[in-house]
Amino acid sequence: MAPASKKKTARKPAAKSAAKAQLPLVEPILRPTFRRERRALKAGIFPVAGCDEAGRGPLAGPVVSAAVILDPDRIPRGLNDSKKLDAEAREKLYEKICATAQVSVAFASVDRIDRDNILRASLWASARAVKALPVRPKLVFMDGNMKIDCGCDCEAVVSGDALVLSVAAASIVAKVTRDRYMMRLAEAYPGYGFERHMGYSVPEHFRALQALGPTPHHRRSFAPVAAKFAAMGERLEDVPDEALAAVLPL
């Protein structure tokens, strides 16, 4: 008797769902929260401030730091890292922050940046901004990995403007304040495009620097500007102090 024929069972292909499960998952959109501030408030630590700066990278203009103490009962909606907002949204939120929170700003001039370096100038301005708040905070969240000597406890938070709501608010205030300053500077020095690039290293700015030369508001310690001065045969110590003065802040 012939043996019963064995039925061949087709091997099923690997499930597509399993393959899909191995693909990188889409990262959730990261938005700043009030969790750190609320945790401090519950521990009896109040007021709590956030601090951030704008303008470390540009070739021209000051670095501006801002400090903000948010009112827990009147937090403006839509607060986010200033870099994730367009100019119109930043302007609207700036007005809301100033209307509901304790706010202060401090400028580190080009002269200070060239003398101390950009990092030290930024930290100096941040400490000044915190000390200038109408209400003295007991804790400040500082964007970045360095603390500041500001007369109260300080906690450095890397990417703080994307994680901590009060730091995000400070980033907006600092950015809008500096942008307004640079637009005013553009009126005094037409042709450089400050109103568009805010002093940053973009082709338009390099072309203007080459054609028109540096202004008193260019950072001479930054390589492209230093190279231009070297080509012009000028040295920083040869320039009168009054030529290094910044225009009055808004």
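Helices (H or I, at least four residues) and strands (E, at least two) are DSSP runs, numbered from the N terminus. By that count the protein has 10 helices and 5 strands.

This is a predicted model: local features need pLDDT of at least 70, side-chain atom pairs count only at pLDDT 80 or more, and totals for chains, interfaces and linings use all residues. Residues are numbered from 1 along each chain as its sequence is written, and side-chain values use heavy atoms, with hydrogens and water left out.

**Overall figures**

The accessible surface comes to about 14,400 Å², and 55% of it belongs to carbon and sulfur atoms. Areas come from the Shrake-Rupley method with a 1.4 Å probe; for residues, only the protein chains shown count as cover. Buried means under 20% relative accessible area, exposed over 50%, partly exposed in between (1.4 Å probe, protein chains only). Of the 250 residues, 44% are buried.

**The largest pocket**

A pocket is an open set of points on a 1 Å grid over the protein atoms alone, where a 1.4 Å probe fits, with protein on both sides within 12 Å along at least five of seven lines; lining residues have an atom within 4 Å of a point. The largest pocket holds about 240 Å³ of space. Its lining has 15 residues, and E53, A54, S82, K83 and D161 are the closest to the centre. Strand 1 (48-54) and helix 7 each give two or more residues to this lining. Strand 1 supplies the largest share, 3 residues.

K175 is found in helix 7 (residues 165-188). K175 is buried, at 18% relative accessible area. Beyond its neighbours within four places in sequence, K175 is in contact (heavy atoms within 4.5 Å) with A54, S82 and R90.

**Salt bridges**

A salt bridge is a side-chain nitrogen of Lys or Arg within 4 Å of a carboxyl oxygen of Asp or Glu. The structure holds 13. Among them are these:

| Pair | Closest N to O | Accessibility of the acid | Accessibility of the base |
|---|---|---|---|
| D71 and R74 | 3.3 Å | D71, 23%, partly exposed | R74, 45%, partly exposed |
| D81 and K83 | 3.2 Å | D81, 4%, buried | K83, 63%, exposed |
| E195 and R196 | 2.9 Å | E195, 34%, partly exposed | R196, 54%, exposed |

Salt bridges that share partners also join D81, K83 and D161 into one network.

Note on methods: Points joined across faces, edges and corners; volume = space filled by probe spheres on them.
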